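Me: Please take a close look at one part of this predicted model, namely the enclosed space inside the protein and the residues around it. I would like a connected account that then moves on to the charged pairs and the last helix of interest.

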Amino acid sequence: MGNKPSNEKLFTTKSLNHMAKNNKNYILFIALSAALGGLLFGYDTAVISGAIGNLTEFFHLSPVETGWAISSALVGCLIGAFFSDFLSDTFGRKITMLITAILFILNSVGTAFPTSFTMFVLFRIVGGIGVGIASMVVPMYIAEIAPPKRRGALVGNYQLAIVIGIVVVYFVNYFIALQGDANWNLNIGWRWMFGSEIIPSLLFLIFIFLIPESPRWLFQKGETSKAIAVLQKLNTAEEVAQVQSEIVNSLHQEDKNQWKHLGSPMFKKALFVGIGLSILQQLTGINAILYYAPEIFKSLGSSTDVSLLETSILGVVNLIFTLFAIKLVDKMGRKPLLYIGSIGMTIALAAVGLFIYFDAVGNWVLPFLLLFMGAFSISWGPIVWVLLSEIFPTKIRSLALAISVFIQWVVNFVVTQFFPTLVENQWLKDHFNGAFPFYLFSVICLFSLFFVWKKVPETKNKTLEQMDTLWK
């Protein structure tokens, strides 16, 4: 009899631990399912890197048209990002993600069987719309279902999924290219590269049916019973009431007309930082290297097969250091990782520029491009998405996130469209020997270090509701 209370206590403790473990596993499942949208983001944006050479030859494209073949998807991203706030607010996060999955499926089929370059571009834009929507709604959804202490790592899974998509498609492109000779790749191989995207697209569509709607959106729409049911699956019994209270209180502070709040000094400061992070993430030159890596390696003397393999190695480094970022973001904080990344990228790109300028490429360029990729992947890749999903105060969160993501795609488009021009410009070739783009990106990476130091707040272990006080 004397042992009964302690046995009951032990039983209760075990039950709570079991429930907590189940909650953690369920939250992880939800985050990874949603993050498949990130995998498609990476897959769709990087698939063209292995196909662009044959695509250019097949359709007889000029340098400007080659840039357009890649950057046309970014026009779709702009459209998707522009409407992402309206779609996610009106139809919910889950339905919006279903829409993106359908767009990805259409894109994979349309770009595999185009009858003209115009048709190819139109379906690239369709896929881009899906990417643009996903780039806003997926990290926001994950942030809304994640506990504060795990939010950095869980939202970081979105960037991890982007990287996995990039790595997977690099190897897919490499193995497809090995299936035939140059003529086969010119006429058939690049079609298989684009068509292969239908597999992750269908997986994303299936998994979205298996996850719940955001409890925050359900509360916002007055569906309280459904919202509480979701919270009970995501939290322990003791946490449900507290989380519900925080969400409801924050929603009371929201205003349907978020635009009118952007003039407030506090909100302007938050939006300035969000836009700054978005612009600098793209101006590091990451997407110029991701999109054109095989062509960069070819220009430095590698064969087609070797250039695709070297590009795949870049992707593996991207993946490994993104895993480090997810492991460290909630321990070290956001700002220390951004510092590390800015310093590493500055050194790496300056070194690549020097090697190219002095015609000393040899075996030196790849190691420093790997250093650049590792530095980006542990910092500005995942951490910017974490910060964008959490830094904005409640009254402007969805609108500010949509604006920041929209501007991110604008800058991505500019970099992607004009990178070939920077490389091919004769005056720049004569004066910089092809090194100018790398010098330019290096200077911008150095500037990013000072931007983080002066303007970016630390958000480690803060709830989304505490972001309102962060900027005061």
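Reply: What follows begins with the cavity, passes through a polar residue and the salt bridges, and ends with one helix.

The model is predicted, and every statement here should be read with that in mind. One cavity of 30 Å³ or more is counted, and the space in this largest cavity comes to about 190 Å³. Its lining is made up of 18 residues, of which Phe41, Gln159, Ile162, Asn287 and Leu290 are the closest to the centre. Several helices take part in the lining, since at least two residues are supplied by each of helix 1 (4-58), helix 5 (148-177), helix 11, helix 12 (286-299) and helix 17 (397-424). Helix 5 provides the largest share, with four residues.

Helix 11, one of these contributors, spans residues 265-283 and includes Gln282. With a relative accessible area of 5%, Gln282 falls under the 20% limit and is therefore buried. The side chain of Gln282 makes a polar contact of 3.3 Å with the side chain of Asn412. Once its neighbours within four places in sequence are set aside, Gln282 is in contact with Asn287, Gln408, Val411, Asn412 and Val415. Asn287 thus appears in two roles, as a contact of Gln282 and as one of the residues closest to the centre of the largest cavity.

The charged pairs come next. Side chains of opposite charge can pair when their charged atoms come close. The structure holds four salt bridges, and one of them joins Arg93 to Glu144, with 2.8 Å between the closest N and O atoms. Because Arg93 belongs to helix 3 (residues 93-112) and Glu144 to helix 4 (residues 117-145), this pair ties together parts that are 51 residues apart in sequence. Arg93 and Glu144 are both buried.

Another salt bridge brings together the side chains of Asp330 and Arg334, at 3.1 Å from N to O. Asp330 has a relative accessible area of 15% and is buried, while Arg334 is buried at 0%. Arg334 also forms a salt bridge with Glu390, and here the closest N and O atoms are 2.9 Å apart. This second partner lies in a distant part of the chain, as Glu390 sits in helix 16 (residues 382-390) and Arg334 in helix 14 (residues 334-357), 56 residues apart. Glu390 likewise counts as buried, its relative accessibility being 0%. Through the partners that these salt bridges share, Asp330, Arg334 and Glu390 are joined into one network.

The account closes with helix 19, which covers residues 436-455, has 20 residues and reaches 28 Å from its first C-alpha to its last, close to the 28 Å expected at 1.5 Å a residue. Its buried residues are Pro437, Phe438, Phe441, Ser442, Ile444, Cys445, Ser448, Leu449, Phe451 and Val452. Leu440 is also found in helix 19, but at 34% relative accessibility Leu440 counts as partly exposed. The C-alpha atom of Leu440 is separated by 8.8 Å from that of Ala350, a residue 90 places away along the chain.

Key. Residues are numbered from 1 along each chain as its sequence is written. This is a predicted model: local features need pLDDT of at least 70, side-chain atom pairs count only at pLDDT 80 or more; totals for chains, interfaces and linings use all residues. Side-chain values use heavy atoms; hydrogens and water are left out. Buried means under 20% relative accessible area, exposed over 50%, partly exposed in between (1.4 Å probe, protein chains only). A polar contact is a pair of N or O atoms within 3.5 Å; within protein, one must be able to donate a hydrogen and the other to accept it, and residues adjacent in sequence count only if both atoms are side-chain atoms. Contact means heavy atoms within 4.5 Å. The expected span of a helix is 1.5 Å times one less than its number of residues. On a 1 Å grid over the protein atoms alone, a cavity is a set of points where a 1.4 Å probe fits but cannot get out, and a pocket is an open set with protein on both sides within 12 Å along at least five of seven lines; lining residues have an atom within 4 Å of a point. Grid points are joined across faces, edges and corners, and a volume is the space filled by probe spheres set on the points.
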